[in-house]
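Please open the model in your viewer and keep the selection tool at hand. The stops below say what to select next and what is to be found there.

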Amino acid sequence: MSLVSVRDVHKYFGDLHVLKGIDLDIKAGEVVSIIGRSGSGKSTLLRCMNGLESYDQGAIILDGMEVSTDEFQVRKLSQSVGMVFQSFNLFPHLTVGENIMLAPTLIKKTSKAEAKKLAQEVLEKVGLGDKFGQYPEKLSGGQQQRVAIARSLAMKPKVLLCDEITSALDPELVGDVLKVLEQLAAEGMTLVLVTHEMNFARDVGDRVVFMHQGKVHETGDAKTVLADPQTPELRQFIGAVL
Amino acid sequence: MGYELNFGALLEYQDVLLAGLWMTVKLTVVSTLLGILLGILGAAARRHRNPVLRHGSKAYVELIRNTPFIVQLFFIFFGLPAIGIKMTEVEAGILALVINLGAYLTEIIRAGIDNTPKGQIEAARTLGLSSRQIFIRIILPPAFQRVYSSVVSQCIIVMLGSAVVSQISVQELTFAANFIQSRNFLSFESYLVAALLYLLLAFLMRLIFNLIGSRAFSREEKQS
Ligand SMILES: Nc1ncnc2c1ncn2[C@@H]1O[C@H](COP(=O)(O)OP(=O)(O)OP(=O)(O)O)[C@@H](O)[C@H]1O
Ligand SMILES: [Mg+2]
């Protein structure tokens with residue numbers, strides 16, 4: 001059974017038909033890269049998967065739960081799905097450690113001591129073990145993004161959604177973040193990434209989903225699809241980004 | 001200038017003056033604390049999903065901001081007893097100050113809240129926080145920090161505005177000055193001293209608020 005199952009999902013923003021019948025299955029442990037031109041609906045699809053955005057038709061089942069924007073449902077889903085954003089979105093008034101401990105203590109009722117241990121653990125994992133007491137504004141973009149990943153990991157999600165998480169970073173900081181993702185992939189974490197990092201999609205990813213005008217236009221094994229695209233649209237897209 | 005200043009004559013009334021000053025301090029502390037609380041609740045109501053709360057909060061702000069404070073005060077003290085709500089001068093004075101400060105702070109804090117980056121709220125939702133947790137833990141602290149200096153100024157304005165409650169015989173600083181000059185006719189000295197004391201209070205308030213602010217909003221690395 002798949003961990004995430006998207007069935008014929010349609011989404012409108014007013015009159016704008018943004019998702020036009022998306023079907024997608026993601027198995028546990030898979031690393032799926034969603035690529036496509038700006039406006040093709042990549043972010044919208046990702047945001048529909050954890051209830052940040054509603055959809056108008058079809059169904060999304062994640063870890064056995066129906067995804068909806070209902071607050072209760074979103075909170076339940078948060079135990080299974082994490083999300084990392086392009087703009088980091090760390091809470092500026094909390095230290096790195098507090099950012100990470102917040103959800104485990106509030107939502108999972110983890111004890112303070114345990115949450116602290118957990119936070120330190122995930123921080124080590126992203127290579128920032130020494131930043132526990134620091135405030136986000138004192139960190140570089142790449143470090144902030146790794147803290148954001150650590151914050152998601154502390155909730156022990158089964159799948160991590162990443163929306164262009166390296167796009168806002170200076171080029172020299174991108175590598176550190178990708179390295180963390182690569183390590184997560186190696187540990188068997190299910191990753192769904194909207195990305196422009198074609199090398200990463202090819203080398204680390206299992207599967208590529210190419211979106212075009214609100215549809216999954218072409219999909220398949222990452223290496224095969226990127227080396228030998230079947231549709232002219234994907235060929236053109238790869239030509240443009242490489 | 002043919003007028004001879006006579007501050008010495010005020011010494012006789014120093015107890016009255018100090019009692020008035022003390023009352024002003026008490027009025028200010030209580031109405032500042034409750035006013036800030038009311039302002040936070042008002043701002044929370046402004047973004048509540050219940051439309052009654054949203055509109056109610058807006059109506060409250062408009063009502064208070066567009067009517068004179070002294071009329072609000074008289075309404076509470078002289079008007080409300082007509083429908084059976086009676087209170088002492090001090091209670092009425094505090095209530096009027098709190099309601100007044102709460103309205104202005106609702107607007108100020110709301111402005112801070114409106115500037116919350118949407119992504120932070122989404123991140124919090126994704127982590128599983130409830131709407132209430134998001135408001136209290138994620139939205140409010142940075143919003144309050146953003147508008148802190150305006151909050152402080154408004155609290156000081158209300159401290160100064162508390163002079164008006166002398167009109168319903170609350171025996172605060174201005175009441176004391178009125179009282180003294182009605183006895184010894186030294187208006188110049190009485191009101192000058194009162195003015196200096198208000199100035200001192202305003203200065204102290206700013207100092208205290210700044211101390212609290214720099215502690216609460218520090219972004220120095222925390223030792224764990
Ligand atoms: N909240 C919204 N309200 C109205 N239209 C929206 C909203 N969010 C997205 N859209 C529109 O939906 C379409 C798809 O947007 P989406 O953000 O999913 O694209 P994307 O593939 O992620 O693009 P990008 O690569 O630029 O991030 C775009 O035309 C966009 O303008
Ligand atoms: Mg996008």
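Begin by showing chain B and chain A together, in what is a predicted model, and look for the charged pairs that join them: the count between these two chains is four salt bridges. To see one of them, select A:E71 and B:R49, whose side chains meet in a salt bridge with an N to O distance of 3.3 Å.

Keeping both chains in view, turn to the polar contacts, of which the rule finds 14 residue pairs across the interface of chain B and chain A, counting pairs in which both residues have a pLDDT of 80 or more. Now select residues 118–126 of chain B, which form helix 6, and residues 131–146, which form helix 7; these are the elements that give two or more residues to the side of chain B that touches chain A. Helix 6 of chain B gives the most to that side, with eight residues. If you colour this side of chain B by residue class, you will find seven nonpolar, nine polar and nine charged residues.

Next, widen the selection to the whole contact, which takes 34 residues from chain A and 25 residues from chain B. Which residues of chain B lose the most area to chain A? They are B:T126, B:L127 and B:R219, which together account for 28% of what the side of chain B buries. The size of an interface is often given as the accessible area lost when the parts come together. Here, chain B and chain A bury about 2,600 Å² between them, and 55% of this lies on carbon and sulfur atoms.

Leave the interface view and select A:E53, which sits in the loop of chain A between helix 1 (42–49) and strand 4 (57–62). Is A:E53 buried or exposed? A:E53 counts as buried, because its relative accessibility is 17% and the cut-off for buried is under 20%. Leaving aside neighbours within four places in sequence, you can show the residues in contact with A:E53, namely A:K11, A:F13, A:T44, A:R47, A:C48 and A:T69.

From A:C48, move on to the cysteines. Select A:C162 and find the closest cysteine sulfur, which is in A:C48: the two sulfur atoms are 17 Å apart, and this is too far for a bond. Over all chains, the count of disulfides comes to zero. A:C162 counts as buried, at 1% relative accessibility, and for a last stop in the other chain, select B:C155, which also counts as buried, at 0%.

Methods. Residues are numbered from 1 along each chain as its sequence is written. Chains are lettered from A and ligands numbered from 1 in the order in which they are written. This is a predicted model: local features need pLDDT of at least 70, side-chain atom pairs count only at pLDDT 80 or more; totals for chains, interfaces and linings use all residues. Side-chain values use heavy atoms; hydrogens and water are left out. A disulfide is a pair of cysteine sulfur atoms within 2.5 Å. Buried means under 20% relative accessible area, exposed over 50%, partly exposed in between (1.4 Å probe, protein chains only). Contact means heavy atoms within 4.5 Å. Buried area is the accessible area (1.4 Å probe) that two parts lose on being put together, summed over both. A polar contact is a pair of N or O atoms within 3.5 Å; within protein, one must be able to donate a hydrogen and the other to accept it, and residues adjacent in sequence count only if both atoms are side-chain atoms. Helices (H or I, at least four residues) and strands (E, at least two) are DSSP runs, numbered from the N terminus. Ala, Val, Leu, Ile, Met, Phe, Trp, Tyr, Cys and Pro count as nonpolar, Asp, Glu, Lys and Arg as charged, and the others, Gly among them, as polar.
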